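Open the model in your viewer and keep the sequence panel at hand. The stops below say what to select and what is found there.

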Amino acid sequence: MAIISDGEKFKPQKDRENISCRQTEYDYSFETNIRPRSFDEYIGQTKLKETLKISIEAAKKRNEPLDHMLFYGPPGLGKTTISSVIANEMGSKIKTTSAPALEKPRDLIGILMNLKNNDFLFIDEIHRLNKVAEEILYPAMEDFSIDRTIGSGEKTKILRIPIARFTLIGATTKAGSLSGPLRDRFGIIHKLEFYTNTELKQIIKRTAVILNAQITEDGSELVASRSRGTPRIANRLLKRIRDYAIVKSNGEITKEIAQKAFKLLNIDEFGLDIADRDLLKLLIEKHEGGPVGIETIAAALGEDTKTIEDVYEPYLLQAGFISRTPRGRKASAVAYKHLGYKLPSVQQNFLAD
Ligand code: ADE
């Protein structure tokens, strides 16, 4: 197969920097500082905001907690952010945790017993809850109570302990991995969508004001167009390019400065980084475009299958670089063209376009 451009052949990079959207500790504190606090400040997800506003108004009028909610979608789209906005709009507190932190039953029971009426409990990665924790949640969600087993054998008794009337917000990148009984207990289930470039541009300009960074119109447009539809990436890139602008220029982020910074960061015009291109090159160079099983991809790139599925794939699928088939992932004609490979003529008909 002919390689037209790009001297960079497939060679997975071990210590590559990851600009994709896995959240880091660093992001967490940064995001907490720049997070919108109200629907007015929150940009994008327009339909979701409209339905939530109605639910919130109704709940306030009925003086009841909101229905339990499940938000799903790729990482970095603002599941945590929208949840804290909802709690703020309700004038309530939110306790944030994640399923892996609720390994022991007493961790979850402790949290549930400390909740006050109308509080929110946010559980990230809720698809990773263990069975025992799920069983604790069922009566908590349905009847606002916890069942404790006392004694053993014939003397076993179940003690029902009332807890506060709270709202559970579950967040997951994999709604399909949630057990049926748990999914059925959420009154509101909503998918978060990728953001448009116009929305990302607004987010970038808002964050720039908070960071006291200067950015031109075409500078913010360029950063938006390379942010893969994802606010977390947009904000992360903005910070990196701001640093570049301070060191290499007068601090203002212009289109030219942003272009140079992207070159240094190895991020192309679609916002793909080295890791994304490695994945595409693997399909194209080593497997004639695929289909390739997820385990094979993960092993070749030195990542686990979950990371490939949750972090890399959503945007590559959405932007049309790959497709998912029952036999594995395939590179699309768009991927061939973008990376400068000639489409193998025999396979043209079999590739997704
Ligand atoms: N920062 C991250 N996500 C945001 C959003 N949706 N609106 C405003 N600022 C944000």
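**Stop 1: leucine 112**

Select leucine 112, which is found in helix α4 (residues 105–114). The model is a predicted one. Leucine 112 has a relative accessible area of 0%, so it counts as buried. Show what surrounds the residue: apart from neighbours within four places in sequence, leucine 112 is in contact with Leu121, Ile136, Leu137, Ala140, Ile146, Ile163 and Phe166. For a distance, pick the C-alpha atoms of leucine 112 and leucine 137; they are separated by 8.9 Å, and the two residues are 25 residues apart along the chain.

**Stop 2: α4 against α5**

Now display α4 together with helix α5 (residues 131–143). Their axes come within 9 Å and cross at roughly 25°. Angles under 35 degrees count as roughly parallel, and α4 and α5 are therefore roughly parallel to each other. The crossing of α4 past α5 is right-handed.

Which residues of α4 meet α5? Select Pro105, Leu108, Ile109 and Leu112 on the α4 side, then Val132, Ala133, Ile136, Leu137 and Ala140 on the α5 side. By class, this contact has 9 nonpolar residues, with no polar and no charged ones.

**Stop 3: from α5 to the loop before β7**

Stay on α5 and select glutamate 142, whose side chain meets that of arginine 185 in a salt bridge (2.9 Å, N to O). Arginine 185 lies in the loop between α6 (180–184) and β7 (188–191), so the pair ties together parts that are 43 residues apart in sequence. Are the two partners buried, exposed or partly exposed? Glutamate 142 is partly exposed, at a relative accessible area of 48%, and arginine 185 is also partly exposed, at 24%.

Move on to lysine 191 and glutamate 193, whose side chains form a salt bridge (3.9 Å, N to O). Both of these residues count as partly exposed: lysine 191 has a relative accessible area of 38% and glutamate 193 has 43%.

**Stop 4: a buried pair and its network**

Next, select glutamate 313 and arginine 329, whose side chains meet in a salt bridge (2.6 Å, N to O). This pair links distant parts of the chain, with glutamate 313 in helix α13 (residues 305–318) and arginine 329 in strand β9 (residues 328–331), 16 residues apart. At 1% relative accessibility, glutamate 313 is buried; arginine 329, at 8%, is buried as well. Extend the selection to Lys174, Glu309, Asp310 and Arg324: together with Glu313 and Arg329, they are joined into one network by salt bridges that share partners. The structure as a whole holds 23 salt bridges.

**Stop 5: α12 against α13**

Keep α13 on screen and add helix α12 (residues 294–301). The axes of α12 and α13 come within 8 Å and cross at roughly 90°. How are the two helices oriented, parallel or perpendicular? Since angles of 65 to 115 degrees count as roughly perpendicular, α12 and α13 are roughly perpendicular to each other.

To see the contact, select Ile294, Glu295, Ile297, Ala298 and Leu301 in α12, and Thr305, Ile308, Glu309 and Glu313 in α13. These residues divide into 5 nonpolar, 1 polar and 3 charged. Two of the α13 residues here, Glu309 and Glu313, also belong to the salt-bridge network of the previous stop.

Notes: Residues are numbered from 1 along each chain as its sequence is written. This is a predicted model: local features need pLDDT of at least 70, side-chain atom pairs count only at pLDDT 80 or more; totals for chains, interfaces and linings use all residues. Side-chain values use heavy atoms; hydrogens and water are left out. Helices (H or I, at least four residues) and strands (E, at least two) are DSSP runs, numbered from the N terminus. Buried means under 20% relative accessible area, exposed over 50%, partly exposed in between (1.4 Å probe, protein chains only). Contact means heavy atoms within 4.5 Å. A salt bridge is a side-chain nitrogen of Lys or Arg within 4 Å of a carboxyl oxygen of Asp or Glu. Axes are lines fitted to C-alpha atoms, for helices over the stretch in contact, and angles run from 0 to 180 degrees between N-to-C directions. Angles under 35 degrees count as roughly parallel, over 145 as roughly antiparallel, 65 to 115 as roughly perpendicular and the rest as oblique. A crossing is left-handed if the near helix is turned anticlockwise from the far one by less than a right angle, and right-handed if clockwise. Ala, Val, Leu, Ile, Met, Phe, Trp, Tyr, Cys and Pro count as nonpolar, Asp, Glu, Lys and Arg as charged, and the others, Gly among them, as polar.
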